[in-house]
Amino acid sequence: MQNKGAILFLAIALALVTVYQLSFTVASYSVKQDAKEYAEGDLVKEVTYLDSISSLPKDDWSFLGNNFKEVQSKEINLGLDLKGGMNVILEVSVEDIVRALSNYSDDETFNRAVAMAREKKKTSQRGFIELFGESFEEIDPSASLAAIFGTMELQSKVNFNSTNEEVLKVLSDEADDAIDNAFNVLRSRIDRFGVSQPNISRLETRGRILVELPGVKDPQRVRELLQGTAKLEFWETYENPEVIGYLMEANNLLVDIKADMEALEQAEGEETDAAVEGEVSSVDDLDDQETEQDTTGDKALLDMLSDTTSTEEAESRNEWNEQNPLFAVLNPAVTRDGQPLPGSPIGYAHFLDTAQVIDYLKMNQVRSIFPRDMRFYWSADPMRGDDTESIYQLHAIKVTTRDGQPPLDGDVITSARVSYGQTGSNAKVDMSMNAEGARTWARLTGANIGECIAVVLDGYVRSAPTVSSEIRGGSSEITGDFTIEEAEDLANILKSGKLPAPAHIVNDTVVGPTLGMEAINSGLNSFLIAFVVVLMYMIFYYSRRAGMVADIALIVNMFFIMGVLASLGAVLTLPGIAGIVLTIGMSVDANVLIYDRIREELRAGKGVKLAVADGYKNARSAIIDANLTTLLTGIVLYIFGTGPIKGFATTLVIGIVTSFFTAFFITRIIYDSLLKNNMKLTFATKLTEGAFTNMKINFIGKRRIFYVVSGLIIAGGIISLVSKGLNPGIDFTGGRSYVVRFDEPVSTTGIASMLGEEFGENPVVVVFGHEDQVKITTKYKIDEADAEEEVETLLYTGLKPLLPDDVDKDQFLAEYRQSSQNVYPTIAFDIMIKAIYAIGFSLIIIFLYILLRFRNWQFGLGALAALVHDTLIVLGLFSIFYGVLPFSLEIDQAFIAAILTVVGYSINDTVVVFDRIREYLGIYRKRERTEILNLALNSTISRTFSTSLSTFVVLLSIFIFGGEVIRGFTFALLVGVVVGTYSSLFVATPVVYDTIRKGETERVLKGKKSK
């Protein structure tokens, strides 16, 4: 074996990297198990435990030099269908951006063009601005866009002489900036949901953003916060030395309040009701007390601070915390010697304590101590230098307007960009404002020289630069010890208030934790059962030693797949597990091809060593062709798929690559080692030694019979498709679906009738798994993105008679609703178009690959005919059996993934047969075509049987144990394996035979000769 050392080195390096990557998952799992043991079923305690570990510095907790947050970021990331949570796709409204850029022009041509572009967008993949420009031109070819968009904000980019093309380019650039700003705003917002490992990413479609929030508790709050328009504000601030005295008094007051409350509790039951009321009244009187604080006595102030921060007289930290309630959770911003630090931050706290700090400061008695014009805002980012990223600063904001609004907001920003100093080392942010903003900014900065101006986004301070001088003209330079990333973030934040570009939800999915846990269990069960069955089959069919070598390759393959998933940060979904399990079945194919070739060489009289070498050599071409065609299908799936389908494609592609490496190279190294030690090798058991040898089925002679059989099945499917149709899921039609679990079995017709009274028409209700669980699908108000809360209320009201009396709406949504999905019409059309593209591109790519690989269009046509044959039969069976079988047969994204997988599997089978035909055409030049093709088909039956059986058994385990969510998906794969095996034997090769004329046989040999 050539390059054995390099392959061995690569295998060892890959194994070490895999161990390293998977070690983070093991470490994270260990901590989470400790949290569960500590919490004893209390979810709040469990989360608190994990948060406390996350906030520990590396000196207190680390693994391979990483703190717990970093460890979590490197572990295998489970999809929301496995751990529960919310998946949201948002779309920034480019139409709103265009309207805002025009200053909401009332020009008739403009508004007609916007309306026309909106209608065109419903059935087009082109961008809104392109469609708007086209519509504007259609309505009035002589009209000028410059007359509409020559606004104050765009005066530097659009002038009276600008052409329509130039204006559209400006609009496109501005829209891109607005989308970037929206993305940055959303990225900052998702950190507030209190979930671990949130994810936000851009999708290929312009303006679409994917947000994944595992374990989210309040989906409606998520919807509201994500869809809100960015609110950028500029506020004056109090300086820390002005505020720290108030904090001292607030701390002392909290001590008194706590003592009074303890006295009240002690007095309960011992005094009369009147006495108790008197005590309460004496405490409540503090609400109206105005306490004046002398902030000029620095020495007295520092003495007070020293008293409250000293712990020498306290026996323990807990005792000190009891004596200083406020400072136990809010550390004052002072130097080591007690001097107050300059700036607007008045203190800092751990993120777990921020809510308690605000609760203290909001108490009526405490609030009365502080000036009425003082507000408190937390910083958006952790303190610089905090390795744990868990400490946040509290800023004191000064309200100087009568209406309580900020003196300046983000609407006045015209541009913000990162620039660098003369040396190019210090990053800074250059900001420009319009004329109105410039006047206010000059007044604001002139009145606050030497003090801070807080830049607040969505209620959190993003920056608080100190004013060095009055700034006129609206152009400002914000400096600081910024990194490039920090400067870019600040520039993006400043631009976020420039345009009202709200993001609208076009697709959201909620999966409850119960359904997620069930998905994990069912996925693992199907994986383990399939894995064990395949391992046992290889030993049974190919002898103990040869089977063990193949099994080692399978185990190493699984090991590598998980390591690659972890290193790439890929998300493992339930379809992803199905992809891994399917990879198990398909990875057997390479071993089967090699072993069958070795057995052929042994039957030809060769020694074991030479038979092994020739077996690997002769199987290589078929293995590469089969894996490449399936790989191409997986890549197409990845490009056009979204969410779980992309997860399926990811694991499928990774599995194909690793299975080829392990099956072809790892097993070869093992066999070389065994042969070197003169180990006895056999590649068949007594039961399987003669299996499928000397087969003489006349496939070509009976091809017309199979043409008729296939034709009848396809005709039946087409009749059903025309008369009955398919059952399109909401992925393609738009709609809302809910999976609801009840305490006992329910009637689907009864539920449909009950909800029909609420929705105005009966929804589609089907049993989902067990008889106590149903899937409800409706299109009620699907065009209204903000109607989700209303629909949930109607759902609860309609199902209330089937629920216990004490179950309210919140409990229903949290415990009885297992999952929900909303797909709005805009994205439904895009999903359908992508599905069509995916199938079309797959067929074209495979046809071209076969054409190039075999140098003959007849082979490409035969493969294409088999793929169309398989697709039509699967579609026909889904049409015939939907509503008959007791599980969902919806046509959705998962079904498209199944079709493409069937295409990949079918072409895998077909290519193996074609490769053998090409070989035999070169060997048996003088034999008749019929004999050669039959000989090739019969010689591959052993491989076809082993691969198809193992794959079928694997899929059957997924179908039975994999859970209801992917049952329709695996049913399509099961049908596809059977049909794909059939078509590779009875359709693809006969089509090649019928399209190659007798005189053209020699042309087929060109592919062989050129090798």
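Helix H30 covers residues 857–881, which makes 25 residues in total. From its first C-alpha to its last, H30 reaches 36 Å, close to the 36 Å expected at 1.5 Å a residue. Please keep in mind as you browse that this is a predicted model. Below, the two ends of H30 come first, followed by two groups of strands and two single residues.

**The ends of helix H30**

- Asn856 caps the N-terminal end of H30. A side-chain oxygen of Asn856 lies 2.9 Å from the backbone nitrogen of Gln858.
- After H30 comes Gly883, and its phi is positive, near 90°.

**Strand E5, a buried strand**

- Strand E5 takes in residues 232–237, and 6 of its 6 residues are buried, so the strand is largely enclosed by the rest of the structure.
- Both faces of E5 are covered. On one side you will find Leu232, Phe234 and Glu236, and on the other Glu233, Trp235 and Thr237, all of them buried.

**The pairing partners of E5**

- As a reminder, strands of a sheet pair through backbone hydrogen bonds, either parallel or antiparallel.
- With strand E13 (residues 453–457), E5 pairs in the antiparallel sense over 5 bridges. If you want a place to look in this pair, Leu232 stands opposite Leu457 in E13.
- Strand E10 (residues 408–409) is joined to E5 by 2 bridges, and these two strands also run antiparallel. Here Glu233 stands opposite Asp409 in E10.
- Strand E9 (residues 391–398) pairs with E5 over 2 bridges, again in the antiparallel sense. In this pairing, Glu236 of E5 stands opposite Lys398 in E9.

**An open sheet of 3 strands**

- Another place to visit is an open sheet in which 3 strands follow the order E11-E12-E15, with antiparallel pairing. Its edge strands are E11 (413–420) and E15 (475–482), each of which pairs on one side only. On average, neighbouring strands of this sheet are turned by 20° against each other, direction ignored.
- E11 and strand E12 (residues 427–433) run antiparallel and are joined by 7 bridges. Across this pair, Ser415 stands opposite Ser432 in E12.
- Helix H17 (residues 435–446) lies across E12 and E15. The helix runs at about 115° to E12.

**Asn324, a buried loop residue**

- Asn324 sits in the loop between helix H14 (317–323) and strand E6 (331–332).
- With a relative accessible area of 5%, Asn324 is buried.
- The side chain of Asn324 has a polar contact with the side chain of Asn251, at 3.1 Å.

**Thr748 and its contacts**

- Thr748 belongs to helix H26, which spans residues 748–759.
- Its relative accessibility is 23%, so Thr748 counts as partly exposed; the cut-off for buried is under 20%.
- Leaving aside residues up to four places away in sequence, Thr748 touches Val765, Val766, Val767 and Val774.
- Thr748 and Ile776 are 28 residues apart along the chain, and their C-alpha atoms are separated by 9.1 Å.

Conventions: Residues are numbered from 1 along each chain as its sequence is written. This is a predicted model: local features need pLDDT of at least 70, side-chain atom pairs count only at pLDDT 80 or more; totals for chains, interfaces and linings use all residues. Side-chain values use heavy atoms; hydrogens and water are left out. Helices (H or I, at least four residues) and strands (E, at least two) are DSSP runs, numbered from the N terminus. Buried means under 20% relative accessible area, exposed over 50%, partly exposed in between (1.4 Å probe, protein chains only). Contact means heavy atoms within 4.5 Å. Two strands pair if DSSP finds at least two bridges between them. Axes are lines fitted to C-alpha atoms, for helices over the stretch in contact, and angles run from 0 to 180 degrees between N-to-C directions. The expected span of a helix is 1.5 Å times one less than its number of residues. A polar contact is a pair of N or O atoms within 3.5 Å; within protein, one must be able to donate a hydrogen and the other to accept it, and residues adjacent in sequence count only if both atoms are side-chain atoms.
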